[in-house]
Amino acid sequence: MAPLKREEALIEEFGYDDHFHDHHHGDKYQSNFVSHYIFSMDHKMIAKQFLITGMFWAIIGAVMSLIFRMQLGFPEESLAWLKPLLGKWITVNSEGIGTLQQDFYYALVTMHGTILVFFVLTAGLSGTFSNLLIPLMIGARDMASPLLNMLSYWFFFVSGTIMFASLFLSTGPFAGGWVAYPPLSALPQAMDGSGAGMTLWTISLVLLVVSLLLGGINYITTVLNLRTKGMSMWRLPLPIWAFFVTAILGLLSFPVLTSAFFLLMLDRGIGTSFYLSDIYIGGAALDHVGGSPILYQHLFWFLGHPEVYIIILPAFGIVSEVLSVNSRKPIFGYQAMVFSILAIAFLAFIVWAHHMFMSGINPFIANFFVIFTLIIAVPSAVKVFNWIATLYGGNIRFNPASLFAIGFVSMFISGGLTGIWLGNSALDIQLHDTYFVVAHFHIVMGVAAFFGMYSGIYHWFPKMYGRFMNDTLGKVHFWGTMIGAYCVFWPMHYLGMAGVPRRYYSFDSFQTFGHFDGMNKFITIAAIITFGFQLLFVINYFWSIWRGRKMTTKNPYNANTLEWTTPIEVGHGNWPGKLPTVQRWAYDYSKDGIDHISQVQPIMEGESVDH
Amino acid sequence: MSAIETTLNHRIDTPSRRSKLHPLKFAMYVGLGSLVMMFIALTSAYIVRRASGNWLEFSIPTIFYVNTLVIVVSSLTLHAAYGAFKREAERAYRALLSVTFLLGLAFLILQYMGWQELAAQGIPLKINPAGDFVYAISWLHALHVVGGVAALLVSVAFAYGIKLRRTPARQLRLELTLIYWHFVDALWIYLILFLSLQR
């Protein structure tokens, strides 16, 4: 058997020369502070911009959840100490007891959902890793259109700025729930937050859709057109498959949301009645006649359901890669992994009405949606078993990245199983709009997607900054988050089964829920502690950018994928000379007794040929 | 060199590309796919809403049909302009491009007149979702035509501003405009057929 050569020698020998001149483009892309750090067109810088903006939003969204958790866990306690932060939204009575204004409670719940779903887990997660990894893993110099890529970030930024500004309105941000159902979202006079708050909310989200579409167009085009020589679709690392399908999902579903918002804006702005009919406000009938609020729900959830897969698919991809690298084994069932992603993506479009079982849709139609919803368990289970089989018998390295990846699998199982409950329209009669739903989606797409994101950040941090994050802090972060997240969300299942409704400000007037006071306190305390562990991560992240252990070799994990053949300090264009040529798939770990075989290594004499 | 040109020149001879299609053209098609979804959503909403009753019956103003002809002709003239570009026939190119631009403007003006005629027929806004859908869908389409007309304006400015030379970068830019303009044309044909058949 021929000896393994170093990757750079292989690229020199077999790589493709596209006459790339580093310094020429270097001048253009990295000449000054503004073009390097701010209006950057380099995919790696844009990835960091998405990530850090996402972190900013994650902290705001999490703090909001802590505030409303304090209201839920300790409704009797004074919140006067929050007055410096929240101002008039805390009313302090004559005895100095401060209470959270009810309207603002709804605004907090709404904004928490909006921010986490759209700004953190959609834009932040997919924006970061699609940008960072697609060109690096497929062997491209950059995205198909660096200009559109830059615009994608800046639309996201402007969208975020508008949403942020809405937090400071005197009438407060939008407060009608993150799904923005009419009539609360369609009538400016419906409640305080439905006025200017909702206007800014809509504008912000339309701009976000523009950002996501620009990004998605780029991801799809890049994956299909700019793969390096030898990188066939069946040799793509799994994260790329995941980002690719995520982008397709977004491209097909977000325009539908835009249509829903377009009609909503007309209802709000010029008084049409697409979604409104027979409404009384303050005792007076409005002249909106003939609309249907259910129509909005259909359009919204046609995006809304694919959206949850837009959130979770990138995490699938990241976890698959991290698990394979860190168990020193090929990913189990590579093709099954790809087909299950495709199956999930397809099914995502024909299950939306399971969010609407209780909205009065025809029960026979509901049956159709029940069946397809339950079928999603099949590809999901395929993925879970494949991850477990990848770990089985592996020589597992326990580092923060792999721990979070394993934690992801745990969360995905726990949350996925309750999905099978909720997919049944009969069970939904009891469970809909209760804490059972809250527990389900927080575990399966909130915490799990965060775990995928953390796993990716710990794993590819050296590629981003040339330094490692602190291992010990990372492990503390993992265990704190893992235990903490279960402590927060597990008890919510019991609340939900007993029928405790979500989004309620207080349960004072419900005798029957009185015995859950202790549990609510426990959840709140667990949430605060878990949040503390996330701060540890933020500190670790920023500390490591400047002070972390330096990367000394190009390929610290002994991984096979192309991003680890680039220099430690990756310049614009990613590879200084020739582009690597791909000779094999990405998962030749522990093959024929060799620990790892890079994708640039040609098939060797005497090598077994199962791939 | 503009950013877009950098991309072009950088990509144009990258043989690692899978297909002969230029990545930016491919990106354009993908983007148009998402616009298709947007209009499918609106027309599906229309069907769903229509099926649930309380739906006003009326006929689409003739002016919308006339306008269909205008935008189809504009597509043809733009295609002819593209032919002239490839032959480097500068005068024909300038003339045909200008005609296309003017037809695009005419389309927008005629759409406006169409909305006025619809209102005059007794279907103003806010009477019934049946009418509101016609307004909403044609407004959103017109908004996309505005984008196309803006692109045509830029092409006209370039056509008169600099001497016609058939460079890959300029050809690609014209082709992107062409694809988009054909798209808004085809989209309108779909919408007018949909709106007149789904009464």
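The lining of the second largest pocket draws its largest share, 13 residues, from α5(B). In this predicted model, that pocket has a volume of about 1500 Å³. Of its 47 lining residues, A:Leu214, B:Met28, B:Leu35, B:Gly147 and B:Tyr180 are the closest to the centre. Both chains contribute to the wall: α7 (146-166), α8 and α9 of chain A, and α2, α5 and α6 (168-197) of chain B, each supply at least two lining residues. By class, the lining of the second largest pocket consists of 36 nonpolar, nine polar and two charged residues.

Enclosed space is considered next. The model holds four cavities of 30 Å³ or more, and the largest cavity has a volume of about 150 Å³. Its lining comprises 18 residues, among which A:Ser126, A:Leu212, A:Gly216, A:Tyr219 and A:Ala247 lie nearest the centre. The elements that give two or more residues to this lining are α6 (102-138), α8 (196-225) and α9 (238-269), which belong to chain A. Of these, α8(A) provides the largest share, six residues. The lining of the largest cavity has nine nonpolar and nine polar residues, with no charged residue.

The interface between the two chains completes the account. Here 35 residues of chain B are in contact with 45 residues of chain A. The size of an interface is often expressed as the accessible area lost when the parts come together. For chain B and chain A the buried area is about 3400 Å², 72% of it on carbon and sulfur atoms. On the side of chain B that touches chain A, two or more residues come from each of α1 (3-11), α2 (23-51) and α5 (129-161) of chain B. The largest share of that side, 14 residues, is supplied by α2(B). Its residues divide by class into 20 nonpolar, eight polar and seven charged. Across the interface there are zero salt bridges, while three residue pairs, both members at pLDDT 80 or more, are in polar contact.

The residue classes of the three surfaces are set out below.

| Surface | Nonpolar | Polar | Charged |
|---|---|---|---|
| Lining of the second largest pocket | 36 residues | nine residues | two residues |
| Lining of the largest cavity | nine residues | nine residues | no residues |
| Side of chain B that touches chain A | 20 residues | eight residues | seven residues |

Two elements recur in these descriptions. Helix α8 of chain A lines the largest cavity and also the second largest pocket. Helix α2 of chain B contributes to the side that touches chain A and to the lining of the second largest pocket.

How values were computed: Residues numbered from 1 in each chain as written. Chains lettered and ligands numbered in written order. Predicted model: local features only at pLDDT ≥ 70, side-chain atom pairs only at ≥ 80, totals over all residues. Heavy atoms only, no water. Contact = heavy atoms within 4.5 Å. Buried area = accessible area lost by both parts, 1.4 Å probe. Salt bridge = Lys/Arg side-chain N within 4 Å of Asp/Glu carboxyl O. Polar contact = N/O pair within 3.5 Å; in protein donor to acceptor, adjacent residues only side chain to side chain. Helix = DSSP H or I, 4+ residues; strand = E, 2+ residues; numbered from the N terminus. Nonpolar A, V, L, I, M, F, W, Y, C, P; charged D, E, K, R; others polar. 1 Å grid on protein atoms, 1.4 Å probe; cavity = no way out; pocket = protein on both sides within 12 Å on 5 of 7 lines; lining within 4 Å. Points joined across faces, edges and corners; volume = space filled by probe spheres on them.
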